[in-house]
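Work through the exercises below with the sequence and the coordinates open side by side. Each task is followed by a solution that goes step by step.

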Amino acid sequence: MLSDVMEDYLKTIYVLQRETGDRVGTSAIADRMDVTSPTVTSMLEKLEGRGLLDREKYNGVTLTPEGETLAIEVLRHHRLIEAFLASELDYDWTDVHEEADRLEHYISERFEQRIADVLGDPRVDPHGDPIPGADLTPPDENEGVQLSDCSVDDQVKITRVRHRTGEELQYLAEAGVTPGEEVTIVEIAPFGMITVDGPRGTQSLPEEIARLIRVAPIAELAQ
């Protein structure tokens with residue numbers, strides 16, 4: 001049986017792998033989990049010993065098929081809980097992540113399925129992150145395009161906002177930049193700010209935030 005911390009590492013490595021399409025370095029894991037590199041190295045050795053990841057010195061790690069399946073299961077729990085909290089308990093999308101982090105390790109498969117049934121087997125969580133199916137097939141984590149890759153005058157629908165801090169999510173919510181909203185790109189500054197016109201007026205977003213927002217061209221959705 002894996003500890004909660006081990007499951008957190010597997011989930012983090014899985015998400016980083018899907019974001020980069022490559023092996024995951026120790027420093028990237030340390031940054032994402034807010035721990036030291038020596039702490040990460042120690043845990044990676046334990047997970048390697050359990051056959052859950054493949055580790056190459058100076059070349060990062062990748063999950064084995066067993067490690068990936070376990071990571072996807074934890075991720076399914078997490079995102080279903082987020083969806084349940086927002087839909088049934090009226091949690092704000094800025095608050096569901098930390099609650100789901102606490103609960104994801106403790107729900108049974110029966111409870112997981114009950115949540116899915118109550119919600120109608122949702123495809124995404126409140127942030128637009130894809131929820132893995134019960135068969136634990138890896139979902140498409142890169143559907144759509146990044147807002148930062150759009151051009152001036154593009155009209156797009158926001159489909160996903162990768163998790164950020166509660167303060168950043170609150171800012172985006174107040175700006176009307178949330179999944180389901182439609183915006184038009186009105187300006188791309190040379191120094192990285194991207195300005196969009198949406199339901200709450202004109203908003204300027206740093207490029208580092210725009211890279212975490214995925215969108216679908218409205219013209220394609222209409223086809």
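**Exercise 1.** Determine which elements the buried residues of H1 pack against, and describe the helix that carries these residues.

*Solution.* In this predicted model, the buried residues of H1 pack against H2, helix H3 (37-49), strand E1 (53-56), strand E2 (60-63), H4 and H5. To see which residues are concerned, apply the cut-off of under 20% relative accessible area; the buried positions of H1 are then Met-6, Glu-7, Tyr-9, Leu-10, Lys-11, Thr-12, Ile-13, Tyr-14, Val-15, Leu-16 and Gln-17. Next, check the geometry of the helix: H1 has 17 residues, and its span of 24 Å from first to last C-alpha is close to the 24 Å expected at 1.5 Å a residue. Finally, look just past the end of H1, where Gly-21 adopts a positive phi of about 70°.

**Exercise 2.** Characterise the largest pocket by its volume, by the helices that contribute to its lining and by the residue classes found there.

*Solution.* Begin with the volume, which is about 910 Å³ for the largest pocket. The lining comprises 32 residues, and those closest to the centre of this pocket are Thr-12, Val-15, Arg-32, His-97 and His-163. Then assign the lining to elements: at least two residues each come from helix H1 (4-20), helix H2 (26-33), helix H4 (65-88) and helix H5 (96-103), and the largest share, 7 residues, belongs to H1. Thr-12 and Val-15, which are among the residues closest to the centre of the largest pocket, also appear among the buried residues of H1. Sorting the lining by class, one obtains 17 charged, 9 polar and 6 nonpolar residues.

**Exercise 3.** Repeat the analysis for the second largest pocket, starting from its volume and ending with the composition of its lining.

*Solution.* The second largest pocket has a volume of about 470 Å³. Its lining consists of 25 residues, of which Arg-123, Val-124, Gly-128, Pro-130 and Glu-143 are the closest to its centre. Two or more lining residues are given by strand E4 (155-161) and by strand E8 (213-217), with E4 giving the most, 4 residues. By class, the lining of the second largest pocket divides into 11 nonpolar, 9 charged and 5 polar residues.

**Exercise 4.** How do strands E6 and E7 run, and how many bridges join them?

*Solution.* Strand E6 (residues 194-198) and strand E7 (residues 201-205) run antiparallel and are joined by 5 bridges. For the register, locate Val-196, which stands opposite Gln-203 in E7. The connection from E6 to E7 is a hairpin through 2 residues.

Notes:
Residues are numbered from 1 along each chain as its sequence is written. This is a predicted model: local features need pLDDT of at least 70, side-chain atom pairs count only at pLDDT 80 or more; totals for chains, interfaces and linings use all residues. Side-chain values use heavy atoms; hydrogens and water are left out. On a 1 Å grid over the protein atoms alone, a cavity is a set of points where a 1.4 Å probe fits but cannot get out, and a pocket is an open set with protein on both sides within 12 Å along at least five of seven lines; lining residues have an atom within 4 Å of a point. Grid points are joined across faces, edges and corners, and a volume is the space filled by probe spheres set on the points. Ala, Val, Leu, Ile, Met, Phe, Trp, Tyr, Cys and Pro count as nonpolar, Asp, Glu, Lys and Arg as charged, and the others, Gly among them, as polar. Two strands pair if DSSP finds at least two bridges between them. The expected span of a helix is 1.5 Å times one less than its number of residues. Buried means under 20% relative accessible area, exposed over 50%, partly exposed in between (1.4 Å probe, protein chains only). Contact means heavy atoms within 4.5 Å.
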